[in-house]
Amino acid sequence: AISTRFNVSFPGWIWNSTRCLGGAMTDLVIDVQGLSRASGGGPEYRDVTFDAEHGDVVVLVGPKGAGKTMLLLGLLGRMGFDAGSGFVDGYDVRRQARLVRENSAVANVTLFTGLDSSLSVREHVAERVILNRPWYLPVARQRSVDAVIDRCLVIAGDVDHRLEGLPEKAVSRLKLRDRPSFRLDPDALVGELDDLQQLALEILLACISPVELIGVDDVDLLRTREDRIWAWLLLMELSSVRQSQGLDVTTVIASCQETTELNALLDALGDHAEGCAPVRSVLLESKDD
C-alpha cells in the first residue's frame, strides 16, 4: 500500500488537538504499519502503512475487491486484523478496538447502517438516538428526537450556506448544474430521497454521535458526476461545520474506487478551499497484484 497526500493548501485550518501514542504527544490521529487481513479467497488487503492528522479526509482508493470496506471497518474498530500494528485516535488498533469503536461512527455501510425506504427521516433519527442510549433506556422522548433533528438541520443548513459561497469560477469549471440542498424534510420517507440525499442522511445520522472519527463507504457509487462532487465537498466541509457547533475536529475515512471527481474538485477550488479539510489518499492494491 502507498500513502500519498494531495499537494493542496487550505489556509485558515487550525490544528487544535493532540493525542498520546505510545507515550509521545503527536498530531497524528492514525498511525498504522503493515496492516493485513486475509479471507478464504486470499488477502483482503496487505501491508497497509500510512498516517493521518486530526481533521484529514482519508480516502481509501482501490479497485473492487481490494478490501477497502474491510480496512475502513478495521480502522474504526469494527473488524480485526491478521497482521500489522499501530494506533487510531491514540488507541492500539488491535488491542483496544472497542475504545476506537466507541469514538467512531460509520455511514453508508449496508451491514451496519442500511436505511429502510419505508421509514421517515425522523424515524431513522429516533432509531439512532435510541441506539446511542444506554441499554436500560430503550425509549427516546419526542423532545430528544426533535433536539437531534434540530442539530442535524443546523449542520445541513451550514453546509448549504457554504455551498452558496462557492466561487462561481469553480462552479463553472466543474460544470455543476443546480446546487442540491442538504436540508432534509424530517417527515419525508427515505424511499422518496434521491441518492445524494440518502448519503447525506447517512452522514447526518453518523454525526448524531459526538465522535471524532466518521467512516463513509463507497462515496463514488453515487450515480452522477455532480452528486459525487457534492458528496466529496460535504465530507471536506464536515469537520469545520461540526467545530462551529462546539465539537472536536472530525477525521473522515472514506472509500472509493477512483478519485476523478475529487481531484477535479480540488483543482477547481485551489486557494478558495478555506475551511475544507486536507485530503490524504491511501492506495490499495488489487488482490491480483
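Tutor: A salt bridge is a Lys or Arg side-chain nitrogen within 4 Å of a carboxyl oxygen of Asp or Glu. Keep that cut-off in hand as we go through this predicted model.

Student: What should I keep in mind about the numbers?

Tutor: Numbering starts from 1 along each chain as its sequence is written, and side-chain values use heavy atoms, leaving out hydrogens and water. As this is a predicted model, local features need pLDDT of at least 70 and side-chain atom pairs pLDDT 80 or more, while totals for chains, interfaces and linings use all residues.

Student: Good. How many salt bridges does the structure hold?

Tutor: There are 11. Take R122 and D187, whose side chains pair up at 3.2 Å, N to O. R122 sits in helix α4 (residues 121–131) and D187 in the loop between α6 (168–173) and α7 (195–206), so this bridge ties together parts that are 65 residues apart in sequence. The helices here (H or I, at least four residues) and strands (E, at least two) are DSSP runs, numbered from the N terminus.

Student: Are R122 and D187 buried or exposed?

Tutor: Go by relative accessible area with a 1.4 Å probe, protein chains only: under 20% is buried, over 50% exposed, and partly exposed lies in between. R122 comes out at 25%, so R122 counts as partly exposed. D187 is at 54%, so D187 counts as exposed.

Student: Which residue forms a salt bridge with D56?

Tutor: That's R280, with the closest N and O atoms 3.4 Å apart. R280 belongs to strand β12 (residues 279–283) and D56 to the loop between β5 and β6 (57–61), so here the linked parts are 224 residues apart in sequence. Both R280 and D56 are buried.

Student: And where in the fold do E261 and R228 lie?

Tutor: First, the pair itself: their side chains meet in a salt bridge at 3.2 Å, N to O. E261 is in helix α9 (residues 260–269) and R228 in helix α8, so the bridge ties together parts that are 33 residues apart in sequence. E261 has 7% relative accessibility, so E261 is buried; R228 has 14%, so R228 is buried too. As for networks, shared partners join D51, D56 and R280 into one through their salt bridges.

Student: R223 caught my eye. Which residues is R223 in contact with, leaving aside neighbours within four places in sequence?

Tutor: Contact means heavy atoms within 4.5 Å, and R223 makes it with D195 and R228. R228 is the arginine we just paired with E261. R223 lies in the loop between β10 (213–216) and α8. Its relative accessible area is 70%, so R223 is exposed. Also look at L196: 27 residues from R223 in sequence, but 8.8 Å away in space, C-alpha to C-alpha.

Student: What about D218: where is D218 found?

Tutor: In that loop between β10 and α8 as well. Check its phi, near 55°, a positive value in a residue other than glycine. With 24% relative accessible area, D218 is partly exposed. D47 has a positive phi as well, near 50°, but D47 is found in strand β5 (residues 42–53). D47 is partly exposed, at 47%.

Student: Last one, D92. Which residues does D92 touch, not counting those up to four places away in sequence?

Tutor: G86, F87 and A97. D92 is found in strand β8 (residues 91–92).
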